[in-house]
Amino acid sequence: MDNKNFVIWGRNPIIEALKSGRTLEKILVAHDSHPSKELIKLAEKNRVKIQRVPRKKVEEIAGTKKTQGVVALVSPVRYWNENELIESIINKEGVLLVMDHITDPQNVGNMIRTAEVLGVDGILIPRERSSPINEVVVKASTGAVFHIPIAKVGSLRQTLDKFKKKGGWVVSIEKGGRPIHKISFPFPLAVVLGSEGKGVSKTVLETSDLTATIPMKGKITSLNVSSATAIALWEIAKQKWVEN
């Protein structure tokens, strides 16, 4: 997939994209550049993150020096409103996959692919410290990103609290919990997987109803996050499918 499909550069084109409601992942602004107030205002209104980077990076991404110091990453998907996604999962007593600051696009794509294959009903990702949905994610997901609802949120904790208030349950896949194969899962269910190295965020662990652990017998005591996702979602899918 051509990277140029995913970027636009120059102040006016980016302002027009924001005005049209086009979904942008983020806007990168060169350190030595000053974007217009209109651009900043529209980005805030549309909840698009602005990130300061070296001019060389802006030009590299755009593939040209004529950027006016600003480039935007265009999302290949249209994000769902978080409240509508929660409502939909509560109504169908479904499963929500929560990606807690997964920054590797290959992992994000693999996780989305697994989720779609195993009948997950939606995906939640945070706006900060998370891989953008880019061409690597699309490719790794083999197009699954186009078949599953995805919502981007400011705070995972607040969104999960909302989900719980509506009758949902939250399980974090993390060390130190109950063995996953011994848990009878309640639905609707949000399944949280944390970044490699850091694991599930402390605030998200605090709001979780359950902590499920994948038992390990080998000398290596950790799994790649996309492998852990596949194991966890399969355990949960088996119960969901039996129930239906």
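I count two strands as paired if DSSP finds at least two bridges between them. Helices (H or I, at least four residues) and strands (E, at least two) are DSSP runs, numbered from the N terminus.

**Entry 1: ground rules.** I am working with a predicted model, where local features need pLDDT of at least 70, side-chain atom pairs count only at pLDDT 80 or more, and totals for chains, interfaces and linings use all residues. Residues are numbered from 1 along each chain as its sequence is written, and side-chain values use heavy atoms, with hydrogens and water left out.

**Entry 2: strand β5.** I started with β5, residues 95-100. I checked burial (buried is under 20% relative accessible area, exposed over 50%, partly exposed in between; 1.4 Å probe, protein chains only). 6 of the 6 residues of β5 are buried, so the strand is largely enclosed by the rest of the structure. Val95, Leu97 and Met99 point one way, while Leu96, Val98 and Asp100 point the other way.

Next I looked up the partners of β5. It runs parallel to β9 (residues 189-194), joined by 6 bridges. Asp100 stands opposite Gly194 of β9. With β6 (residues 122-126), β5 pairs in the parallel sense over 3 bridges. Leu96 has Gly122 in β6 as its bridge partner. From β5 the chain crosses through helix α5 (residues 105-117) to β6, a right-handed β-α-β crossover. Right-handed means that, with the strands pointing away from the viewer, the path from the first strand over the helix to the second runs clockwise.

**Entry 3: the sheet around β5.** I traced an open sheet of 6 strands with parallel pairing, in the order β7-β6-β5-β9-β8-β10. β7 (150-153) and β10 are its edge strands, each pairing on one side only. Neighbouring strands are turned by 30° against each other on average, direction ignored. For such angles, axes are lines fitted to C-alpha atoms, for helices over the stretch in contact, and values run from 0 to 180 degrees between N-to-C directions. At one end of the order, 5 bridges join β8 to β10 in parallel. Pro179 stands opposite Thr213 in β10.

**Entry 4: the other sheet.** I then found an open sheet of 4 strands, order β1-β4-β2-β3, with mixed pairing. Its edge strands are β1 (7-9) and β3 (49-53). Here the average turn between neighbouring strands is 25°, direction ignored. β1 and β4 (residues 70-74) are antiparallel over 3 bridges. Ile8 stands opposite Ala72 in β4.

**Entry 5: pockets.** I searched a 1 Å grid over the protein atoms alone; a pocket is an open set of points where a 1.4 Å probe fits, with protein on both sides within 12 Å along at least five of seven lines, and lining residues have an atom within 4 Å of a point.

Which residues are closest to the centre of the largest pocket? They are Asn46, Arg47, Tyr79, Arg127 and Lys152, out of 24 that line it. Its volume, the space filled by probe spheres set on the points, is about 590 Å³. β2 gives the largest share of the lining, 3 residues. By class the lining has 6 nonpolar, 7 polar and 11 charged residues. Asp, Glu, Lys and Arg count as charged; Ala, Val, Leu, Ile, Met, Phe, Trp, Tyr, Cys and Pro as nonpolar; the others, Gly among them, as polar.

The second largest pocket holds about 380 Å³. Of its 21 lining residues, Ile173, Glu174, Lys175, Ser222 and Leu223 lie nearest its centre. β8 gives the largest share, 3 residues. This lining divides into 9 nonpolar, 8 polar and 4 charged.
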